[in-house]
Amino acid sequence: MKKYQNFINGEWRDSVSGNTVENRNPAKWDEDLIGLFPSSNEEDVNLAVCAAREAFNKWRLIPAPKRGDVLKLVGDIMSNRKEEIAFEMTREMGKVIAETRGDTQEGIDTAYYAASEGRRLFGYNAPSELPNKMNLSFRMPIGVAGIITPWNFPMAIPTWKIFPALVCGNTVVFKPAELTPKTATTLVEIIDEAMKKVLGNDYIPGVINLVHGKGRVVGEAFLSHKDIDLISFTGSTEVGRRINEVGGRMLKRVSLELGGKNAQIVMDDANFDLALDAVLWGAFGTTGQRCTATSRLILHKKIHDMFVEKLVERVKKLRLGYGNEKDVDVGPCVSETQRNIVHSYVEIGKNEDKATLLIGGEFAIEGELSKGWFYKPTIFVNVKPNMRIAQEEIFGPVLSVLKCEDLEDGINILNGTEYGLSSSIFTNDVNKAFKAVRDIQAGITYINGATIGAEAHMPFGGVKGTGNGHREGGWTVYDFYTEWKAVYIDYSGKLQRAQIDNY
Ligand code: NAD
């Protein structure tokens, strides 16, 4: 049985305690044990943070374009290994291989974007109010970045955080989700390989460190460690709130990407075939386990019955199975616990006043499916906006369908949750589309597209309970990983005083 390790100060090593946990295939639980991974503790975190702190003083002095060269090579290696990474990711967390290829591709795109940012990282300059004086500003690295990630995008999400952190000159301590340690290990192997190749004799151990383990042990140790300067977290609202509380008290910079309760609106003037394809993809892709998954469908009352009928026909045709096999549309839930959470929401929905379960609502256990954590794609109709299945994140293949009177009503329903990550509207009326862009409260709005499918070079994140105002992706994430330094250069030969000598 292959035993995997942490990566600390440039070396692969066991956890201090020597404890390990199993990683298994959620589609073939009993028969496919992937490996044993370290169950680390505070001591491992401390070793990793010390290594990262020490490395920071060297890494920040490597010119940013050279740091970018490392990321360029990371992108190349990931491209060469894309098929293997995708296969192993499907094996580890269950989504179908087309999606794990996409997850890997997002990492590759992010690597190339970060590589080119090494040659930008633009600052601003501004005129001085005094003669013979120049004002400049620069982006400076911050220090040690603690990166904590979930299991649903085991490659893309870590790369959104780690690549910009590194190219800006920060060092990294990375704690991946307990359910996806293998993909995280591969990512760190690749980064280290690229570091060694690009830096040669100038290789700096400790720039990237990986500590596997439980959130409430390893993650908690990140929060309270005085030498972690910033924490970037993607995960549940509950844990995000805790990170913000502790991080806030310690004056750490904290970026949070949390839950969602995303909705797709379909107006009566829409292209229904497109809207149907979109909701199938948005609600049941990744088995509904995306932060941007479509978990509410808001239909104009005139088309409601017709649309629901077509939707149910399409859902019946979805094929469940192990995502590395041919012709599979929907993989398993990531774990037994996650499947139980999904089912508990279905029970809540069945008991809510007048919500009607149309299809699904049970474990899928036919034949080979009995070996994994499969759940049947599920649809509720007659859902009212205040019901729990319309308000709370389920994170599984469950879609709640609501009816709206008109555009305004649809947008009000869409906005009526504590979250604000992704949103979508299908309409062929340009006026309605622009009103929706203006009035929908979400970090992402798609016109005639599903709620999923963010591109690596665009800002990613949500409003309201989905986050704390930061954005990942594109140019925006670089604000999180750098601190501004203002520089004044006086070449007048006099001691000039702003505000006093000039006005
Ligand atoms: P989770 O919050 O349980 O875990 C996320 C990470 O935090 C894991 O690495 C976990 O080990 C760690 N963690 C757990 N407790 C911790 C603690 N006390 N201190 C520090 N770290 C701790 O979430 P999950 O189940 O892995 O992922 C699902 C959630 O993530 C969903 O709510 C989903 O909406 C959210 N998510 C959000 C986005 C986004 O961009 N907004 C993207 C993907 C997932």
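Begin by selecting helix α3, residues 82-93, in this predicted model, and colour its buried residues, which are Ile 85, Ala 86, Glu 88, Met 89, Thr 90, Arg 91, Glu 92 and Met 93. To see what covers them, add strands β3 (20-24) and β4 (33-38) together with helices α2 (64-80), α4 (97-117) and α6 (181-199), since the buried residues of α3 pack against these elements.

While α3 is still selected, place a distance between its end C-alpha atoms, which are 16 Å apart; because a helix advances 1.5 Å a residue, the 12 residues of α3 should span 16 Å, and the two values agree. Then step just past the end of the helix to Gly 94, where the backbone takes a positive phi of about 100 degrees.

Next, move to strand β8, residues 171-175, where five of the five residues are buried. Show the side chains and turn the strand about its axis: Thr 171, Val 173 and Lys 175 lie on one side, Val 172 and Phe 174 lie on the other, and both faces are covered.

Now bring in the strands that pair with β8, taking β7, residues 144-148, as the first stop on this part of the tour. Strands β7 and β8 run parallel and are joined by five bridges, and one place to look for this pairing is Val 144, whose bridge partner in β8 is Thr 171. If you add helix α5, residues 156-167, you will have a right-handed β-α-β unit made of β7, α5 and β8.

Continue with strand β9, residues 208-210, which pairs with β8 in the parallel sense over three bridges. Here Val 173 stands opposite Asn 209 of β9. Select α6 along with these two strands, and a further right-handed β-α-β unit comes into view, formed by β8, α6 and β9.

Which residues have the most contacts inside the largest nonpolar core? Select Ile 162 and Phe 163, which hold that place in a core of 53 residues; the element that gives the most to this core is α6, with nine residues. Centre the view on Ile 162 and, leaving aside its neighbours within four places in sequence, look for the residues in contact with Ile 162, namely Ile 147, Val 172, Phe 174, Leu 187, Ile 191 and Ile 208.

For the last stop, leave this region and select Ala 263, Ile 298, Ile 413 and Ala 442, which are among the 28 residues of another core that lies apart from the one around Ile 162.

Conventions
Residues are numbered from 1 along each chain as its sequence is written. This is a predicted model: local features need pLDDT of at least 70, side-chain atom pairs count only at pLDDT 80 or more; totals for chains, interfaces and linings use all residues. Side-chain values use heavy atoms; hydrogens and water are left out. Helices (H or I, at least four residues) and strands (E, at least two) are DSSP runs, numbered from the N terminus. The expected span of a helix is 1.5 Å times one less than its number of residues. Buried means under 20% relative accessible area, exposed over 50%, partly exposed in between (1.4 Å probe, protein chains only). Contact means heavy atoms within 4.5 Å. Two strands pair if DSSP finds at least two bridges between them. A crossover is right-handed if, with the strands pointing away from the viewer, the path from the first strand over the helix to the second runs clockwise. A nonpolar core is a set of buried Ala, Val, Leu, Ile, Met, Phe, Trp, Tyr and Cys residues joined through side-chain atoms within 4.5 Å.
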